[in-house]
Amino acid sequence: MLHIPWRTGVNMREFAYYGTHPFQYTTTKLQNDQLAALQGLNVKVVRFWASQHDSTLQASVAAVKHALDLILAHGMQAIVCLDDSLTGATLYIPGSDNYHNQAQGHLNANYWTDKAYLSHYIPQVTSIVSACKDHAGVLMWELGNEYLAVLPPPSGSPTTARSTAFYQFAKTASELIKSLAPTHLVSTGLMNSRQISAYDGGDLNAFAQKLYGLNSLDAISVHYYLNDGEESYANIDIAAANALGKPFYLGEFGAKYDSGGRPAYYKQQLDAWKNKGAFLAMPWAFDCSSMDIGVCDGDGCGGRFGDFGDIKTQLASYGVPVDPFRLTTAYQPISTPFTVQPYLASGVIGPHNVHIRKVPTTDNNDPIATLPSGTAIVITGKVSTTGTPADWYQISYQNQAAYLATTLVTLNTPPT
């Protein structure tokens, strides 16, 4: 199980493009002002969008790199959202306009079934990720923001055409990103996986586990807002995270500025998600400006709202001075299953079983299961940790994920 220590973050969607024409009331100075304010709250993650519809690719790459430089200089990291399903903020990849024809400009399902993403999305993502593949300011790449899979599938297609097509997109895009930046995390940026699978009427839990079972997706994303009806569906993705042994985070949450009691709501959300085991929870639209400059709507945390100081207090109370996170070993999934051979070791039940753990540790108090000899496992990566044994393999078996110490088990074929 990949363990990421708890930290707090905020959304600043337009951050990379402050001072440009679409956001004419912002300035480049505001970038430093925002980060300085967050630094004082021990906030460690900023989520921002990488693409802008009217920007050249060269300008977008430069904007993302500059944003990452500033964020890292302030002791933070970024979740870089590569695309947007919606069009209102103009922060989506150009070239797909004909598919942005649903409510609020959302992409329709034909974007996935037609594989339209191959024409513009893949080249844009390749350029941006390649340019920033070694940047320590990147915590995670998200495939896009709040994709849906609406509209009927093409005539004669299977009833699962939409979710199947999105799954193939997620596989193609995440494997590309992993190949370019193997030590960066990757997630989807979805509100929840039900936003994809519900339109096909399939098994919501099964789709969540299938989607996030992709070796190239490291973390599981959830968004919701007070009274939007989506909070209960987060449990589908949390269950998938627990079953797969993958970290999860609340990428967006918020409430209307006039809903009353917002500081208490933010406290409740931060406390709940920390206790659930999330590694991160991120309020929507932080902006320390005293006026409306077009980067903080009514669901956001803005300096122009009377409760801004109290919300900052809640953020500060959950902030921790944690170090930046980065994978220490490139993630190289292996498709061929290996079988466990019998061995004998102290503290393990019998000579024909393998004791596996949730985290790479010699502490016997944290097991997931004991696997019988001959159980098929898939090696999904290798990690190192201090102490003895020092080398561990990430493994998966029966939709579970765990760690296996190399000095306590012999594999019938050494992984490459």
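Student: What makes the eight strands one open sheet, and in which order do they lie?

Tutor: Two strands count as paired if DSSP finds at least two bridges between them. In this predicted model, the order is S5-S4-S3-S2-S1-S8-S7-S6, with parallel pairing. Strand S5 (185-187) and S6 stand at the edges with a single partner strand each, so one side of each has no neighbour in the sheet. Direction ignored, neighbouring strands are turned by 20° against each other on average.

Student: How do you know that S6 and S7 pair?

Tutor: Strand S6 (residues 220-223) shares four bridges with S7, in the parallel sense, and the definition asks for at least two. One example is His223, whose bridge partner in S7 is Glu252.

Student: And what joins S1 to S8?

Tutor: Two bridges join strand S1 (residues 7-11) to strand S8 (residues 280-283), and the two run parallel. Arg7 stands opposite Leu280 in S8.

Student: Why is strand S7 called mostly covered?

Tutor: Buried means under 20% relative accessible area, with a 1.4 Å probe and protein chains only. Six of the six residues of S7 (residues 248-253) are buried.

Student: Why are H9 and H10 called roughly parallel?

Tutor: Angles run from 0 to 180 degrees between N-to-C directions, using axes fitted to C-alpha atoms. Under 35 degrees counts as roughly parallel, over 145 as roughly antiparallel, 65 to 115 as roughly perpendicular and the rest as oblique. The axes of H9 (residues 262-276) and H10 (residues 308-318) cross at roughly 15° and come within 8 Å, and the two helices are therefore roughly parallel. Their contact (heavy atoms within 4.5 Å) includes Tyr266 and Leu270 of H9 and Ile311 and Leu315 of H10.

Student: What makes H7 and H8 oblique instead?

Tutor: The axes of H7 (residues 204-212) and H8 (residues 234-244) come within 9 Å and cross at roughly 50°. That angle falls in none of the named ranges, and H7 and H8 are therefore oblique to each other. Among the residues making the contact are Leu204 and Ala208 of H7 and Ile236 and Ala240 of H8.

Student: Where does H8 lie on the strands?

Tutor: H8 lies across S6 and S7, and its direction is at about 165° to S6. H9 packs on the sheet too, touching S1, S6, S7 and S8.

Student: How are residues numbered, and which ones count?

Tutor: Numbering starts from 1 along each chain as its sequence is written. Local features need pLDDT of at least 70 and side-chain atom pairs 80 or more, while totals for chains, interfaces and linings use all residues, and side-chain values use heavy atoms, leaving out hydrogens and water.

Conventions: Buried < 20%, exposed > 50% of the residue type's maximum accessible area, 1.4 Å probe, protein only.
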